[in-house]
Structure formats: C-alpha cells, structure tokens
Amino acid sequence: MSTPAHPPRPGLAKARAQNLLRRRSIDLVATEEGPLRAIIEAADVISEGLARVEGGGRVYYGSTSVLLPARSRGGTLPDADIATLARLLGSDPHLRVRALRIACREAQARAGSIGTVRAEMVISTTAAGVELVVDVVAVVLESAAGGEAR
C-alpha cells in the first residue's frame, strides 16, 4: 500500500456573485437656524493639540470638545431627554459642519495656516448636556515667504 504524495485537499467551492447595488437608509435632521445659532453660541469649547514635523512638513494633531450645555446648566439646550436629543443632533449635517468649523478654527489658532484636514467626530451625552468631540489631523501650510507659519 502506498501513501499519497499530497494530503487531500478541500473540494471546490462555488463563489457567489456579488450584488450590483447596496442600499443604506439614514435619517437626516435639520435644526432651525435661529435656535441652532443660540445653542452654538452658548457652547463651551475646549481644545488641545500641536503641530509636529513629519516627512519634511508639519502636521497638526488635535482634539476639540464642543459642549452644548442644557438649560439647567446655563445653556440653551432643552433638558428633556438629552440622549434622544444627542442622537437627533448627531443626524443634523448643519450642526456637524459647525462643530467641524469650530475645530478647524481652533487648529488654526494653534498651528497657523492649515491645508487639508481630516476629522472624526463623536457625539455623546454628559451630565451637563451634549458633547461633540472632533479629532483633527491637518497639514500645516508654510507662509508665502517660505518659512513655517508658526
């Protein structure tokens, strides 16, 4: 009796055809401009970050926290069901863009002129209200004179 030279292999598997389309549904919410402006103006903004030299240029890494305080904490956000409100506000692209703009301004204040920005945002509830945390990575631009911005 001879032993086979190769161990047995699994049989052929059929590959399934991939779907041509994929569907995804999301809810978008739009807040009214006046109340949204009042909520943003009452926000507490805290930022940290710095620019580091990487690959012959400077890159800014930072994080900005935008706290939208509830009325009971001195803000303008309604106190009723903060968790639901956070979920709904997280679905508002206008609020997300405003938080991103705040984070970019904070990055510019720390690093000077910035170019391409990548950001991630997390929206959660706290004891004080709704918090938007924006993590930013941005390329720091050099000044027109050829030196670094700051």
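**Exercise 1.** Leaving aside neighbours within four places in sequence, which residues is Leu68 in contact with?

*Solution.* The model is predicted, and a contact here needs heavy atoms within 4.5 Å.
Step 1. Set aside the neighbours of Leu68 within four places in sequence.
Step 2. List what remains: Leu68 is in contact with Ile39, Ile40, Ala43, Leu77, Leu89, Leu95, Ala128, Gly129, Val130 and Leu132.
Step 3. Place Leu68 in the core. The largest nonpolar core has 26 residues, and Leu68 is one of those that touch the most other members, along with Tyr60, Leu77, Leu95, Val130 and Leu132.
Step 4. Name the elements that build this core. Two or more residues come from each of α1 (33-41), β2, α2, α3 and β4.

**Exercise 2.** Find which residues of helix α2 are buried, and state how they are arranged around the helix.

*Solution.*
Step 1. Helix α2 covers residues 82-90. Take buried to mean under 20% relative accessible area.
Step 2. Ile82, Leu85, Ala86 and Leu89 meet this condition.
Step 3. Look down the axis of α2. The buried residues fall within an arc of 105°, so they line one face of the helix.
Step 4. Identify the partners of that face. The buried residues of α2 pack against β2 (57-69), α3 (93-111), β3 (114-125) and β4 (129-140).

**Exercise 3.** Give the order of the helices and strands, then work out how β2, β3 and β4 pair.

*Solution.*
Step 1. Count the elements: the protein has three helices and four strands.
Step 2. Read from the N terminus; the order is α-β-β-α-α-β-β.
Step 3. Pair β2 with β4. They run antiparallel and are joined by 12 bridges. In this pair, Leu67 stands opposite Glu131 in β4.
Step 4. Pair β3 with β4. These strands also run antiparallel, with 10 bridges between them. Val117 stands opposite Ala138 in β4.
Step 5. Check the link between β3 and β4: they form a hairpin, with three residues between them.

**Exercise 4.** Compare the radius of gyration of the protein with that of a compact globule of 150 residues.

*Solution.*
Step 1. For a compact globule of 150 residues, the expected value is near 15 Å.
Step 2. The protein has 24 Å instead.
Step 3. Add the box: along the principal axes, the C-alpha atoms fill roughly 85 × 50 × 30 Å.
Step 4. Add burial and surface. Of the 150 residues, 27% count as buried. The protein exposes about 10,800 Å², and carbon and sulfur atoms supply 53% of this area.

Key. Residues are numbered from 1 along each chain as its sequence is written. This is a predicted model: local features need pLDDT of at least 70, side-chain atom pairs count only at pLDDT 80 or more; totals for chains, interfaces and linings use all residues. Side-chain values use heavy atoms; hydrogens and water are left out. Buried means under 20% relative accessible area, exposed over 50%, partly exposed in between (1.4 Å probe, protein chains only). The arc is that of the directions from the helix axis to the C-beta atoms. A nonpolar core is a set of buried Ala, Val, Leu, Ile, Met, Phe, Trp, Tyr and Cys residues joined through side-chain atoms within 4.5 Å. The radius of gyration is taken over C-alpha atoms; the globule rule is 2.2 Å times the number of residues to the power 0.38. Accessible areas come from the Shrake-Rupley method with a 1.4 Å probe; for residues, only the protein chains shown count as cover. Two strands pair if DSSP finds at least two bridges between them.
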